[in-house]
Amino acid sequence: MATITFHGAAQEVTGSCHLLEGAGVGRILLDCGMHQGGDAVRRIQDEEFAFDPATIDAVVLSHAHLDHSGLLPKLYHDGFNGPVICTRATAELLDVMLNDSVGLYLRDLERTNVRNARRGRPLLDPIYTQEDVETALKNCEGHQYKETIPLGDSASLRFHDAGHILGSAIVEITLREQEKEKVLVFSGDLGKGDSVLMNEPAVLEKADVLLVESTYGDREHRGEQDTIIQLREILSETWQQGGNVMIPAFAVGRTQDLLFHLGCLHNQGELDNWQVFLDSPMAIAVTRIYDRWLKLLDADDVRQLSDAHRSSLEKFLPTLNLASSTEESMAINRIKGGAIVIAGSGMCTGGRIRHHFKGRIWDSRNTIIFTGYQAKGTLGRVIVDGAKTIKMFGDEYVVKARVETLGGLSAHAGRRELLAWIKGFQPQPRTLLVHGEPAAQDAMADKLWRDQQLKVSIPSRGDSIVL
Ligand SMILES: [Zn+2]
Ligand SMILES: [Zn+2]
């Protein structure tokens, strides 16, 4: 008998973490994600595992995004000693993601401690360190899609392409108990069918229990083609006003999609004279990893490119400037107009984008383009929800820049695609919705019942089910 306990991404989008345990499989953590939003130091200091990490045998990681992987270093810090089983590309991306994340965290913690010292408050100890990141990376085991990987005494696991970001996987776990087999499928994050660079999510047919994400359970996205038209219009209107464009970048996936789209516009002579800046050391490092995998990605749009273009996104978009150093980043502020600045972080919770906002958000000639989900409690969400003023760096800023969202660039399947993917399983598995806010989950549950007569559960944090 095996059970699953939901420790995160239960009626919320971030903090993905589920514990599978049973006689033949051991204690397996599916994802070990971090929560996002709010003050980073306070949030990370508050992250606590509701189980003893030392008792976990292995982590199975669906993909490298921090809301699925960010607490791995803390897990090792708190006593975990097993492997992280993931795809090869995920292992490469993790190196960049975890190193960047610990750097930001320790810098913010130092700043908090300076403030605490000034106020006579006790100093905070880091909940994990650079050393834990190195331990986590050393313990990563990269596998290929569809490879059968043994798990515990009598279970096995296979990754399937989730089409969400490079290396992203749907996890299929087969449990064997007294001649009987049970299949658990965990969708991870599912990609959008028509997105560039990635394949469509693999369609699976057999599962007894299905954990499926529901981020956009209540919404459809625009098609990718419409999105390009929308992007072209926004750019051309901003160009005519002599403004600049700021794009809060998700370093993994969306940034590379965007570079690809801008490259297409450039190669069709439709990018005016915009100078494009990638102002994020992490996004630059990740783009280089994508470049290495570009030829192996079997996606249609990549296959159509010439060999030279296929060798790197940088070559595909010749007007691209990389800003690694702080000086290069600050130099962008001096540009009066005609700059497209892609800078982290994607939900504006930190990073260089806030510095660009500081100089430009109060000027109506400029445009901010959001390219992905903005979680509750993030500055990005506040802006998307239409705030007239925002607070940053202890100051107030009026939001006069035009605010647009390119929904079609989302890395997540929209509602129709989620429903169709679930329908691929026959007979219907016992289905549980994870990784979604309650409104999206309720709408999706309702739709599944009406369209497919499928009754789903929506677990809360701490809930357990018996498989
Ligand atoms: Zn993701
Ligand atoms: Zn996610």
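## The zinc site of ligand 2

The residues that donate to the zinc ion (ligand 2) follow the sequence spacing D-H-x120-D-x245-H. Two of these donors connect distant parts of the chain: Asp67 belongs to helix H2 (residues 66-69), while Asp189 sits in the loop between strand E10 (180-186) and strand E11 (209-213), 122 residues apart. The structure described here is a predicted model.

Four residues coordinate the zinc ion (ligand 2), namely Asp67 through OD, His68 through NE2, Asp189 through OD and His435 through NE2, at 2.1 to 2.5 Å. The arrangement is irregular because the 4 donor atoms around the zinc ion (ligand 2) subtend angles of 89 to 159°. Both Asp67 and Asp189 are buried.

## The zinc site of ligand 1

The zinc ion (ligand 1) has as its protein donors His63 (NE2), His65 (ND1), His164 (NE2) and Asp189 (OD), which lie 2.2 to 2.4 Å from the ion. Along the sequence, these donor residues are spaced H-x1-H-x98-H-x24-D. Here too, a pair of donors links distant parts of the chain: His63 is in the loop between strand E4 (58-60) and H2, and His164 is in the loop between strand E8 (155-161) and strand E9 (169-177), 101 residues apart.

Around the zinc ion (ligand 1), the 4 donor atoms subtend angles of 93 to 164°, which makes the arrangement irregular. His63 counts as buried, at 1% relative accessibility, and His164 is buried with a relative accessible area of 4%.

## The bridge between the two ions

Which residue bridges the zinc ion (ligand 1) and the zinc ion (ligand 2)? The bridging residue is Asp189, and the two ions lie 3.4 Å apart. Asp189 accordingly appears among the donors of the zinc ion (ligand 2) and among those of the zinc ion (ligand 1).

## Val13 and its surroundings

Val13 is found in the loop between strand E1 (2-8) and strand E2 (17-22). With a relative accessibility of 10%, Val13 counts as buried. Leaving aside neighbours within four places in sequence, Val13 is in contact with Asp67, Thr215, Tyr373, His435, Gly436 and Glu437. Among these contacts, Asp67 and His435 also coordinate the zinc ion (ligand 2).

Val13 and Pro438 are separated by 425 residues in sequence, while their C-alpha atoms are 9.6 Å apart in space.

## The nonpolar cores

The largest nonpolar core contains 80 residues, of which Leu29, Leu166, Leu235, Leu262, Ile340 and Ile342 touch the most other members. Helix H4 (residues 88-118) supplies the largest share of this core, with 10 residues. Apart from this core lies another, of 28 residues, including Ile4, Val209, Val434 and Leu467.

Which residues does Leu166 touch, not counting those up to four places away in sequence? They are Ala89, Thr90, Leu93, Met198, Ile289, Tyr290, Trp293 and Leu297.

## Helix H8

Helix H8 (residues 281-294) has 14 residues, which at 1.5 Å a residue should span 20 Å; the C-alpha atoms at its ends are 20 Å apart, in agreement with this expectation.

Is H8 mostly covered or mostly uncovered? H8 is mostly covered, since 10 of its 14 residues are buried under the 20% limit on relative accessible area. The buried residues are Met282, Ala283, Ile284, Val286, Thr287, Ile289, Tyr290, Asp291, Trp293 and Leu294. Of these, Ile289, Tyr290 and Trp293 are among the residues touched by Leu166.

## Cysteines

The model contains 0 disulfides. Why is Cys17 not bonded to Cys32? The sulfur of Cys32 is the closest cysteine sulfur to that of Cys17, yet the distance of 5.2 Å is too far for a bond, given that a disulfide requires sulfur atoms within 2.5 Å. Likewise, the sulfur of Cys140 is 4.6 Å from its closest cysteine sulfur, in Cys86, which is too far for a bond.

Cys17 counts as buried at 5% relative accessibility. Cys140 is buried as well, with a relative accessible area of 18%.

## An exposed loop residue

Glu179 lies in the loop between E9 and E10. Is Glu179 buried or exposed? Glu179 is exposed, because its relative accessible area is 85%. Glu179 and Arg450 are 271 residues apart in sequence, and their C-alpha atoms are 36 Å apart in space.

Key:
Residues numbered from 1 in each chain as written. Chains lettered and ligands numbered in written order. Predicted model: local features only at pLDDT ≥ 70, side-chain atom pairs only at ≥ 80, totals over all residues. Heavy atoms only, no water. Donors = N, O, S within 2.8 Å, 3.2 Å for Na, K, Ca; no water. Tetrahedral: all angles 85-135°; square planar, octahedral: opposite > 155°, others 65-115°. Helix = DSSP H or I, 4+ residues; strand = E, 2+ residues; numbered from the N terminus. Buried < 20%, exposed > 50% of the residue type's maximum accessible area, 1.4 Å probe, protein only. Expected span 1.5 Å × (residues − 1). Core = buried A, V, L, I, M, F, W, Y, C linked by side-chain atoms within 4.5 Å. Contact = heavy atoms within 4.5 Å.
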